[in-house]
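Thank you all for making the time this morning. I would like to walk through one structure with you, starting from a single side chain and working outwards to the chain as a whole.

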Amino acid sequence: MTVRTIKAIPDHIESHIKNKSRQINGDKNFEEYIKQFYGKIIHFDLMGFDNDYLFAIVQSSYEFYKNFSGSTKIRIFNPDQKEHGWQSNDTVVEIVTADCPFLVDSLTSAINDQGHKVNRIFNRVLKVKRTDKGNLSDIYNRNSNNIDDT
């Protein structure tokens, strides 16, 4: 049985970054976003997905994440291949906000209270720098001392 380790996912997708450079327009932050998005994830159910699918998920998430004016952003959608670059029968909830303790726990509880099941959680607090207009200018390594977490 093959198990994707924490490091294996970013390594596999890294080759796709180079091959799909037109899609990401050489964005210097995208590679760090991928590493932090998939870093520390051990999901046996990710083993069934190919790298193009995993790449499309993180690319869609990054496009939503990279602009943030300071007001919480929420996107709830059923991924569609044509619109999002990937497809799933699951509903996806994405939130971009300043670091908010217990947000994930509270949201998971509320979803469960409504009788729905949470299949997967990708939760990352990123250390970033943004322009005055909220555009992403830098994503710092997790070990960085910068403190602008959004």
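Let me begin with glutamate 32, which, leaving aside residues up to four places away in sequence, touches Ile139, Tyr140 and Asn141. I should say at once that what you see is a predicted model, and that everything I describe is computed from it. Glutamate 32 lies in helix H3, and you may ask whether this residue counts as buried or exposed. Its relative accessibility is 19%, and because the cut-off for buried is under 20%, glutamate 32 counts as buried.

One of the residues it touches, Tyr140, takes us to the strands, since tyrosine 140 in S4 is the bridge partner of lysine 127. Strand S3, residues 127-130, runs antiparallel to S4, and four bridges join the two. Five residues sit between the strands in this hairpin, and there glycine 134 takes a positive phi near 90°.

From here I would like to turn to the interior. The largest nonpolar core has 24 residues, and Tyr33, Tyr38, Val58, Tyr65 and Trp86 are those with the most contacts inside it. Two or more residues are given to this core by each of helix H3 (28-38), helix H4 (51-65), strand S2 (92-96) and strand S4 (136-140). Which of the elements gives the largest share? That is H4, with nine residues. As general background, nonpolar side chains in soluble globular proteins tend to be buried together.

H4 deserves a closer look. Of its 15 residues, 13 are buried, so this helix is largely enclosed by the rest of the structure. Its length can be checked as well: at 1.5 Å a residue, the 15 residues of H4 should span 21 Å, and the end C-alpha atoms are indeed 21 Å apart, so expectation and model agree.

Finally, let me step back to the whole chain. The protein chain has six helices and four strands, and from the N terminus on its elements run α-α-α-α-β-α-β-α-β-β. Of its 150 residues, 33% count as buried, while the accessible surface comes to about 9600 Å², with 48% of that belonging to carbon and sulfur atoms. If we take the contacts between residues at least 6 apart in sequence, 58% of them join residues at least 24 apart. The contacts of glutamate 32 in H3 with Ile139, Tyr140 and Asn141, where I began, can be viewed against that background.

Conventions:
Residues numbered from 1 in each chain as written. Predicted model: local features only at pLDDT ≥ 70, side-chain atom pairs only at ≥ 80, totals over all residues. Heavy atoms only, no water. Core = buried A, V, L, I, M, F, W, Y, C linked by side-chain atoms within 4.5 Å. Buried < 20%, exposed > 50% of the residue type's maximum accessible area, 1.4 Å probe, protein only. Expected span 1.5 Å × (residues − 1). Contact = heavy atoms within 4.5 Å. Areas by Shrake-Rupley, 256 points an atom, 1.4 Å probe, with all protein chains shown as cover. Pairing = 2+ DSSP bridges.
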